[in-house]
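Reader: I would like to learn how to read a structure like this one. Could you take me through some features, with the general idea and then the case here?

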Amino acid sequence: MGEKMLKEMLKKLDIKITELSDYLKISRPTLYKFIDNYDKKNNKEMDKRLVDLFNYIKKNIDLIEKRNVINYIFNNFNEYTNLEENNLYQIINNFRTYVI
């Protein structure tokens with residue numbers, strides 16, 4: 001049997017493309033393009049952090065849950081580091097709408 005596609009892995013983790021695009025602050029069509037490129041091993045023009053995220057999901061699919069992926073994004077994407085406290089609370093509340 002062939003290699004699992006990233007969309008299948010996201011579905012297994014109960015992560016919708018819409019919410020992942022929100023977490024990553026990119027458009028849904030752009031995310032679809034990146035996922036397709038990743039599955040085709042065409043990662044040259046992709047942000048390294050995004051490739052690392054997809055690799056993290058792929059390598060750990062049987063060990064992680066949705067919250068682990070969210071935590072990974074939160075800890076590895078510059079948009080979420082060094083935030084003021086008020087902004088941090090707002091982002092956490094936005095994440096909670098998908099997790100809870």
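Author: Happily; we will go from the overall chain to helix packing, then to salt bridges and backbone angles. Please keep in mind that this is a predicted model.

Reader: Let's begin with the fold. How many helices and strands does the chain have?

Author: A good habit is to list the elements before looking at details. Here the chain has six helices and zero strands, so from the N terminus on the order reads α-α-α-α-α-α, with helices taken as DSSP runs of at least four residues.

Reader: And what share of the residues counts as buried?

Author: A residue is called buried when its relative accessible area is under 20%. By that cut-off, 34% of the 100 residues of the chain are buried. The chain exposes about 6900 Å², and carbon and sulfur atoms supply 48% of that area. You can also look at contacts: among those with a separation of 6 or more, 55% join residues 24 or more positions apart.

Reader: Now the packing. At what angle do helix 3 and helix 4 pack?

Author: For a pair of helices, look at the angle, the axis distance and the handedness. Helix 3 (residues 28-39) packs against helix 4 at about 60 degrees, and their axes are 11 Å apart. The crossing of these two helices is right-handed.

Reader: Which residues make that contact?

Author: From helix 3 come Leu-31, Phe-34, Ile-35 and Tyr-38, while helix 4 brings Leu-50, Val-51, Phe-54, Asn-55 and Lys-58. Sorted by class, the contact of helix 3 with helix 4 has seven nonpolar residues, one polar and one charged.

Reader: Next, charges. How many salt bridges does the structure hold?

Author: Side chains of opposite charge can pair when their charged atoms come close. This structure holds seven salt bridges. One of them joins Lys-12 to Asp-62, with the closest N and O atoms 2.7 Å apart.

Reader: Which parts of the chain does the pair of Lys-12 and Asp-62 tie together?

Author: Place each partner on its element. Lys-12 belongs to helix 1 (residues 6-12), and Asp-62 sits in the loop between helix 4 (48-60) and helix 5 (66-76), so the pair ties together parts that are 50 residues apart in sequence. Then check accessibility: Lys-12 is partly exposed at 44%, whereas Asp-62 is exposed, at 63% relative accessible area.

Reader: Could you show me another salt bridge?

Author: Take Asp-47 and Arg-49, whose side chains meet at 2.9 Å, N to O. Asp-47 is partly exposed, with a relative accessible area of 35%, and Arg-49 is also partly exposed, at 24%.

Reader: What is the N to O distance in the salt bridge of Lys-16 and Asp-14?

Author: That distance is 3.9 Å. The cut-off for a salt bridge is within 4 Å, so this pair counts. Lys-16 is exposed, with a relative accessible area of 52%, and Asp-14 is partly exposed at 46%.

Reader: One last topic, the backbone. Which sign does phi of Asp-14 have, positive or negative?

Author: When you scan phi values, note the residue type alongside the sign. Phi of Asp-14 is positive, near 60 degrees, and the residue is other than glycine. Asp-14 has its place in the loop between helix 1 and helix 2 (17-24).

Reader: Where does Lys-25 lie?

Author: Lys-25 lies in the loop between helix 2 and helix 3. Lys-25 is not a glycine, yet its phi is positive, at about 60 degrees.

Conventions. Residues numbered from 1 in each chain as written. Predicted model: local features only at pLDDT ≥ 70, side-chain atom pairs only at ≥ 80, totals over all residues. Heavy atoms only, no water. Buried < 20%, exposed > 50% of the residue type's maximum accessible area, 1.4 Å probe, protein only. Axes fitted to C-alpha atoms, helices over the stretch in contact; angles between N-to-C directions. Left-handed = near helix turned anticlockwise from the far one by under 90°. Contact = heavy atoms within 4.5 Å. Nonpolar A, V, L, I, M, F, W, Y, C, P; charged D, E, K, R; others polar. Areas by Shrake-Rupley, 256 points an atom, 1.4 Å probe, with all protein chains shown as cover.
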